[in-house]
Amino acid sequence: MKLSGYLNFLKDINLNNTLVLKTDLYVEAHDKKDNFLPYLKINQCIGIDISFEIVKVARKNLIQCSPNMKFVVADVRYLPFKENVFGVIISDSTLDHLPKKDLILALLEAKRIIKNNGKFILSLNNIFNLPFACDRVIKNLFFNAHFVAYSFRPQYLHKLLCSQDFRIINRDYIIPLDYFALFLIKLANIIKRIDFLARKWLS
């Protein structure tokens with residue numbers, strides 16, 4: 001569902017004749033099902049991540065489908081690129097690992113390196129995906145999760161982007177079924193089966 005959502009959102013954006021920056025290579029390194037890079041036609045792409053290990057594994061996984069792709073270890077708050085060089089920035093589930101005070105730094109960096117008519121494709125945790133939000137809070141509180149994830153209200157993000165002179169041209173929402181939701185669906189199916197068998201036995 002998440003993969004088809006990304007591809008549907010990106011289908012009308014020309015990624016062929018411009019330099020593309022892809023932030024956060026966690027999905028590519030772990031070969032997740034929502035890895036959309038192999039499905040896109042991109043001639044020039046640079047992938048970045050703050051983790052050297054993630055960059056190394058992502059490079060290994062993507063070498064077949066994207067042989068010309070370059071990889072850099074970098075922090076989205078302090079990018080090692082010149083001004084106005086990227087035609088497109090694809091930032092999926094990157095900035096939702098930053099607290100509000102650092103979010104503005106990352107947006108300023110994106111604004112600095114993107115061309116005047118460039119496109120900034122931003123994907124963040126959906127605040128309406130309550131099972132995900134609860135799961136993340138519990139893991140961060142009790143299990144020392146290896147990363148922190150934040151959820152931001154769409155109105156807040158819209159206001160923040162506009163304050164940095166970004167013009168919103170398209171918005172979409174994807175609420176993927178996470179493990180908690182799938183567990184509830186399986187539980188409901190089991191209860192249905194038990195109810196069906198009980199009715200059969202009673203009849």
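Start by selecting F86 and I114 in this predicted model: I114, in strand β5, is the bridge partner of F86. Now widen the selection to the strands around this pair. Strand β4 covers residues 86-92, and β4 and β5 pair in the parallel sense over six bridges.

**The whole sheet**

Next, show every strand. You should find five of them, forming an open sheet in the order β3-β2-β1-β4-β5, with parallel pairing. Strands of a sheet pair through backbone hydrogen bonds, either parallel or antiparallel. Which strands are at the edges? Look for β3 (70-73) and β5 (114-123), each of which pairs on one side only. Turn the view a little and compare the directions of the strands: neighbours in this sheet are turned by 20° against each other on average, direction ignored.

**Helix α1**

Select residues 2-10, which make up helix α1, and colour L3, G5, Y6 and L10, which are buried. Where do these buried residues sit around the helix? They cover an arc of only 165° around the axis, so they lie on the same side of α1. Now bring β4 and β5 back into view, since the buried residues of α1 pack against these two strands.

**A polar contact**

Move on to helix α4, residues 100-113, and pick out D102 within it. Is D102 buried or exposed? D102 has a relative accessible area of 11%; the cut-off for buried is under 20%, so D102 counts as buried. Add R77 to the selection: the side chains of D102 and R77 make a polar contact at 2.8 Å.

**Two nonpolar cores**

Nonpolar side chains tend to be buried together in soluble globular proteins. To explore this here, select L21, I48, F81, I89, L95 and F120, the residues with the most contacts inside the largest nonpolar core, which has 24 residues. Each of β2 (44-49), β4, α4, β5 and α6 (154-163) supplies at least two residues of this core. Which element gives the largest share? That is α4, with five residues.

Zoom in on L95 and show what surrounds it. Leaving aside residues up to four places away in sequence, L95 touches V76, L103, A106, L107, F120, L122, L124 and F152.

For the last stop, select Y6, L10, L25 and F71. They are among the members of a second, separate core of 21 residues. Two of these names may look familiar from an earlier stop: Y6 and L10 are buried residues of α1.

Methods: Residues numbered from 1 in each chain as written. Predicted model: local features only at pLDDT ≥ 70, side-chain atom pairs only at ≥ 80, totals over all residues. Heavy atoms only, no water. Pairing = 2+ DSSP bridges. Helix = DSSP H or I, 4+ residues; strand = E, 2+ residues; numbered from the N terminus. Axes fitted to C-alpha atoms, helices over the stretch in contact; angles between N-to-C directions. Buried < 20%, exposed > 50% of the residue type's maximum accessible area, 1.4 Å probe, protein only. Arc of directions from axis to C-beta. Contact = heavy atoms within 4.5 Å. Polar contact = N/O pair within 3.5 Å; in protein donor to acceptor, adjacent residues only side chain to side chain. Core = buried A, V, L, I, M, F, W, Y, C linked by side-chain atoms within 4.5 Å.
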